[in-house]
Amino acid sequence: MHEHLPFLLALVAAIVFLEMLATRLRIAYPVLLVVGGLLLSFLPGLPRMRVDPNLIFFIFLPPLLFEAAWSISLKEMKKWWRIIGSFAFLVVFFSAGAVAVLANHFIPGFSLALGFLLGGIVSPPDAVSTGAIMRFVRISRNTSTILEGESLLNDASSLIIFRFALVAIGTGQFVFGAALASFSWMLVGGVGIGLLAGWVFMQVHKRLPTNASSDIALTLIEPYFFYWIAEQAHSSGVLAVVTGGLFLSNRRMEFLSGESRIRESNFWEAFIFLLNGIVFMLIGLQLPDIVAGLRAQGVPLSTAIGWGVLVTAVLIATRIVSCYAALGATLLFRPSVAPSRDNPRRMWRLPLLLGWTGMRGVVSLAAALAIPATSPAGGPFPQRNLILFITFVVILLTLLLQGLTLPTLIRRSKLFHNEDEIPEEEARRKVHKKVAHFTVDLLRRKQEQGQWSDPHLQRVLRQWETKLALPENLAMSPKVKQCYIELLERQRGFVASLNRYPDLDERVIRWQIYQIDLEEERIKLL
């Protein structure tokens, strides 16, 4: 393993460089990562990185799903649960079925079960790709919640299809009654195990004398524990991770300190970024083996590319059709909640743009790589290399075609912009003003009760009264903000210079620098 260490370090450096380049070019970094992985595969002399298919789900999926569940707003998900559920389950099943029928009719050697396996792999849109693109465009909070909620739950539905297809391929039969009972247990068991395990871990956080480091360590093992225990019970590990993550996220204020919340946010952001980068690079590194396997099976590369393009076209078309079907059902059954009813042109163009958001990514890669190399009968798994190659083509085309054009379409169409929605900056000022009112009222009551006679505490009251009397002080001008940040930078330099004095503990110096860092982050958000 140590002989691969320089290559692994170079791989991480390449991921970081591509992310910086993507930010500079203002495009989603998964686009450059998948292209970088493709180009990397052509370099001669690179070590062949092979991952055990049985471990690919367990290594990558639990933390990716847990972080996504931790980040989304459960309150907003409840508000839009109907459309999120229809996109996450009905659209995924429809897409997988369309791919299965297409593959069965047009790709030689593809049974219906193999078609559903491919459909389950490529049907779920990717949360990472969508989130990376949304960094560069402004969309309404409602649309953002729908896209995030869909990409969180569709992983569960697609991987359920994936699992049943593997069973059908291995046994050669599909018993509907047994499949329905198994499907029901996967749903109920996955959700139940996630809730129960989430409650247990919450009690561990609350009752044990944890600190920020141990809290972060616990959040790291939680998704793996949720996934493992659910899989041991033959239910859905994906649903257990999502449910447990949503449960803990909605109650984080109850069991995590402020320091733990700040530090775990930074840790998970970096950890998930590296996991995403590694998964995208892995498929590029395995591409030569996949192409060699295609040639060994006698499948021309041009033919395989054509099938990949055909599957991509079907996925895009089925998603757009599904979006229009969802709008039609809304107008038929609940017309009062239909979007932009007062603007018919905007209303009928919105599903077209929403259908264009279906980029594929990490989950599809992980699922394709998780296909076992051998079938239960002992021979090579049928069409494994072709499925991997088609998955790679689908991811590459959706990221390049949709990922590069979606920001421009959103900006020019303005279909995702909600005029009735309060701008985020204004909403922050309103919340800040409410906090100021609450704080001043509380401090005045304390002062009247004689609990705030200390001069330092009275100064705190005067500061908050000033903020309330001069609301414009709540929002710093860019010039004042820059001056304050420069002051903090000078403070950091001065505190760092104090470390030359032998009588000052370096831990105290680091703590003071950390306080300045927190203040700088607070100022940036004003």
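## Salt bridges

A salt bridge here is a side-chain nitrogen of Lys or Arg within 4 Å of a carboxyl oxygen of Asp or Glu. By that rule, this predicted model has three salt bridges. The background is simple enough: side chains of opposite charge can pair when their charged atoms come close.

Let's start with Arg163 and Glu231, whose side chains meet in a salt bridge at 2.4 Å, N to O. Arg163 sits in helix H8 (residues 141–171) and Glu231 in helix H10, so this pair ties together parts that are 68 residues apart in sequence. Neither partner is hidden away: Arg163 is partly exposed at 24% relative accessible area, and Glu231 is partly exposed at 22%.

## The network around Arg492

The other part of the salt-bridge story is a network that links Glu489, Arg492 and Asp517. Within it, the side chains of Arg492 and Glu489 meet at 2.9 Å, N to O. Both residues belong to helix H20 (residues 478–497), where they are three residues apart, or about one turn of the helix. As for why that spacing suits a pair, an α-helix has 3.6 residues a turn, so residues three or four places apart point the same way.

Arg492 also meets Asp517 in a salt bridge, this time at 2.7 Å, N to O. Here Arg492 is in helix H20 and Asp517 in helix H21 (residues 506–524), so the pair ties together parts that are 25 residues apart in sequence. How do the three members of the network rate for burial or exposure? Arg492 counts as buried, because its relative accessibility is 13% and the cut-off for buried is under 20%. Glu489 is partly exposed, with a relative accessible area of 47%, and Asp517 is partly exposed too, with 30%.

## Helix H10, end to end

Helix H10 covers residues 212–232, which is 21 residues. From its first C-alpha to its last it reaches 30 Å, close to the 30 Å expected at 1.5 Å a residue. There is still a bend to look for: H10 turns by about 25° at Ile221, and a proline, Pro223, follows within four residues.

At the N-terminal end, Asn211 acts as a cap on H10, with a side-chain oxygen 3.2 Å from the backbone nitrogen of Ser213. Along the helix, the buried residues include Ala212, Asp215, Leu218, Glu222, Pro223, Tyr227 and Ala230. Glu231, the salt-bridge partner of Arg163, is partly exposed at 22%.

## Two residues with positive phi

Most residues other than glycine have a negative phi, and most peptide bonds are trans. Which residue with a positive phi follows H10? That would be His234, with a phi near 60°, and His234 is not a glycine. His234 is found in the loop between H10 and helix H11 (237–250). With a relative accessibility of 60%, His234 counts as exposed.

Gln383 is another residue other than glycine with a positive phi, near 60°. Gln383 is placed in the loop between helix H16 (362–369) and H17. At 16% relative accessibility, Gln383 counts as buried, so burial is where you see the contrast with His234, which is exposed at 60%.

## Thr405 and Trp356

Which residue does the side chain of Thr405 reach through a polar contact? The partner is Trp356, and the contact between the two side chains is 2.9 Å. Thr405 and Trp356 are 49 residues apart along the chain, while their C-alpha atoms are separated by 9.2 Å.

Thr405 itself lies in helix H17 (residues 384–413). Thr405 is partly exposed, with a relative accessible area of 30%.

## A nonpolar patch on the surface

To finish, have a look at the surface around Val16, Phe17, Met20, Leu21 and Leu25. These residues form a nonpolar patch, and together they have about 450 Å² of accessible area. Leu25 is found in helix H1 (residues 5–25). Leu25 is partly exposed, with a relative accessible area of 49%.

Terms used
Residues numbered from 1 in each chain as written. Predicted model: local features only at pLDDT ≥ 70, side-chain atom pairs only at ≥ 80, totals over all residues. Heavy atoms only, no water. Patch = residues over 30% accessible without salt bridge, like charges linked within 9 Å, V, L, I, M, F, W, Y side chains within 5 Å. Areas by Shrake-Rupley, 256 points an atom, 1.4 Å probe, with all protein chains shown as cover. Buried < 20%, exposed > 50% of the residue type's maximum accessible area, 1.4 Å probe, protein only. Expected span 1.5 Å × (residues − 1). Bend = angle between axes of the 7 residues up to and from the residue. Polar contact = N/O pair within 3.5 Å; in protein donor to acceptor, adjacent residues only side chain to side chain.
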